[in-house]
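Please open your viewer, switch to a cartoon display, and keep the selection box at hand. The stops below say what to select next and what to look for once it is highlighted.

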Amino acid sequence: MTESEKKLEQMLKDFEKANPDAGKALRKLVDETPALKGNLLSSIEKGTLERIEPTPAGIPPNIPGFYTSKEETLPSGEKLKANSIYISTTELIDAGKDPKIANNMRMIMTHESEHALNKDSILKADKAFEDKLLAIAKGPSPHDYTSVLAEKGKSDRLREATDQIGGFNAVAAYVFKENPGATQAQLYQKLYDSCPEMEPYFNVKGTPPKATYELKDGLTLGKDGQLALTPPDVKEKNIEAMGKYFYDARPYQEQYGTRDLVRALKTELDTQTAEAAKNPSYTPPEVRVNLKELGLQHLSPHLPSGITDTSSSPYIRGSAQEPQPALREGHERTHLHALDGHGVGTRDSGGFKVDPSLSELLKAMNDPNSNPVSMREALANFAKQPDIQHIRQEGAREYVQQEAQKVQETAKPQPAQEAPAQETPARKVSGM
Ligand SMILES: [Zn+2]
């Protein structure tokens with residue numbers, strides 16, 4: 001046994017000791033999934049994986065698993081440890097009983113293990129992004145962040161798509177082994193039926209039992225039943241198609257794009273604050289971003305004042321037509337006012353005020369490799385903001401009260417949300 005194998009064995013033992021049923025299912029998944037096991041062992045060897053633990057109580061039980069590269073404190077006060085894969089014991093126990101859930105977990109865990117394996121390159125890309133942001137923040141006016149953000153979005157997409165191919169192939173290898181001698185048509189069906197996470201990659205014609213299954217356009221399997229990674233042009237096509245069916249089909253660009261935008265704004269804000277402190281006659285630069293180009297049009301109404309969205313036709317939720325600037329400004333103020341009194345501060349710097357929702361995101365984003373859970377929470381709060389179209393000067397308070405009631409109602413059956421959570425809307429608006 002190598003050192004890494006010994007460490008993995010110890011992790012599985014510890015998991016099993018505290019959670020016998022889930023631990024047993026976890027061990028089975030690792031044993032049956034060579035790609036997953038290989039990634040875990042390589043990550044242990046690299047030092048980017050130190051533990052596999054059950055997700056803590058502060059994480060909603062329907063989140064199957066995730067990787068954290070850095071220590072992080074959850075709104076519930078619980079700490080997530082660095083270099084850890086967290087897995088839902090509920091999902092694992094179900095995986096022990098249901099082969100489809102087992103395959104789902106096989107895919108998700110392999111995907112997350114790819115992130116552990118690629119931690120160093122992710123951090124490197126992150127550092128390069130940070131440097132580019134700083135160069136703009138310290139450079140001459142205007143400060144346009146669009147192209148750096150677009151480039152970062154592309155590299156996030158490439159990475160997620162590549163890691164998801166790892167997840168797909170882990171399940172594909174398992175299905176291939178379970179069905180020796182299957183024809184291509186049979187294999188497609190077996191893959192499609194293997195788990196819900198496989199369904200987005202196939203077209204189904206007709207209804208079972210007469211249905212036929214085809215891989216979606218752009219995806220190519222090799223002779224081993226897995227998405228082919230050779231020759232290079234086939235690999236490239238598979239990655240691009242995975243970008244479309246996985247990354248683009250889920251709210252990844254919204255999640256990563258918002259995170260990256262917030263980091264750009266934070267860098268700008270910090271730089272302006274430092275400059276203003278040094279120079280009393282400091283004039284803030286013009287700050288620009290094309291939200292449409294970044295697929296983040298919906299954030300346009302929430303952009304902090306002092307930043308220009310250069311999209312040709314800003315998109316406003318629920319509105320076919322761009323509102324008059326004065327009207328929009330008024331609504332933004334109401335919006336800020338509606339949320340201001342609930343403990344989320346604003347920071348001033350030159351001409352630049354940060355929307356409270358953005359400052360909340362900024363807090364969650366302080367970790368450059370922020371874990372997906374706090375990200376999700378911050379985004380959920382962002383998404384729950386009163387829609388700009390529904391806010392009226394006089395109606396704002398009533399609206400917030402209604403929202404508070406909705407949040408309290410939805411919070412009831414979900415114990416995870418009852419934990420004291422400083423940054424959840426429930427806490428924020430129930431103070432009304
Ligand atoms: Zn991922």
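Leaving aside its neighbours within four places in sequence, which residues is Leu 29 in contact with? Keep in mind, as you select Leu 29, that the model on your screen is predicted. Setting those sequence neighbours aside, you will find Leu 29 in contact with Leu 36, Ala 95, Ala 102, Met 105, Arg 106 and Met 109.

**Stop 1: helix α2**

Now extend the selection to residues 20-32, which make up helix α2. If you place a distance label between the C-alpha atoms at its two ends, it should read 18 Å, and this agrees with the 18 Å that 13 residues should span at 1.5 Å a residue. Colour Ala 22, Gly 23, Ala 25, Leu 26, Leu 29 and Val 30, which are the buried residues to look for in α2. They cover an arc of only 160° around the axis, and therefore they lie on the same side of α2. A general rule helps here: an α-helix has 3.6 residues a turn, so residues three or four places apart point the same way. Turn to the other side of α2, and you meet Pro 20 and Asp 31, which are exposed. To see what the buried residues of α2 pack against, show α1 (3-18), α3 (34-46), β1 (51-54), β5 (84-87), α4 (89-97) and α5.

**Stop 2: the nonpolar cores**

Staying with Leu 29, you are also looking at part of the largest nonpolar core, which has 55 residues and in which Leu 26, Leu 29 and Val 171 have the most contacts. Helix α7 gives the most to this core, with nine residues. There is also a second, separate core of 19 residues, and to find it you can select Ala 137, Tyr 145, Leu 299 and Ile 307, which are among its members.

**Stop 3: the sheet with β10**

Ile 307 leads on to the next stop, since you can select it again as the bridge partner, in β10, of Val 287. Val 287 belongs to strand β9 (residues 287-289), which runs parallel to β10 and is joined to it by three bridges. Add β6 to the selection, and you have an open sheet of three strands in the order β6-β9-β10, with parallel pairing. Its edge strands, β6 (143-144) and β10 (307-309), each pair on one side only.

**Stop 4: the sheet with β1**

Go next to the open sheet whose three strands have the order β1-β5-β2, where the pairing is mixed. Because β1 and β2 (65-68) stand at the edges with a single partner strand each, one side of each is left without a neighbour in the sheet. Ignoring direction, neighbouring strands here are turned by 20° against each other on average. Strands β1 and β5 run parallel and are joined by four bridges, and you can select Pro 54 to see it opposite Ile 87 in β5.

**Stop 5: Glu 114 and helix α8**

Is Glu 114 buried or exposed? Select this residue in helix α5, and you will find that Glu 114 is buried, because 24 other C-beta atoms lie within 10 Å. Not counting residues up to four places away in sequence, Glu 114 touches Asn 39, Asp 163 and Gly 166.

Finally, select helix α8 (residues 184-194), in which Tyr 188, Gln 189, Leu 191, Tyr 192 and Ser 194 are buried. These buried residues of α8 pack against α5 (99-117), α7 (146-178), β7 (202-205) and β8 (212-215).

Terms used
Residues are numbered from 1 along each chain as its sequence is written. This is a predicted model: local features need pLDDT of at least 70, side-chain atom pairs count only at pLDDT 80 or more; totals for chains, interfaces and linings use all residues. A residue is buried if 20 or more other C-beta atoms lie within 10 Å of its own, exposed if 12 or fewer, and partly exposed in between; C-beta atoms are placed from the backbone. Two residues are in contact if their C-beta atoms, placed from the backbone, lie within 7 Å. Two strands pair if DSSP finds at least two bridges between them. The expected span of a helix is 1.5 Å times one less than its number of residues. The arc is that of the directions from the helix axis to the C-beta atoms. A nonpolar core is a set of buried Ala, Val, Leu, Ile, Met, Phe, Trp, Tyr and Cys residues joined through C-beta atoms within 7 Å. Axes are lines fitted to C-alpha atoms, for helices over the stretch in contact, and angles run from 0 to 180 degrees between N-to-C directions.
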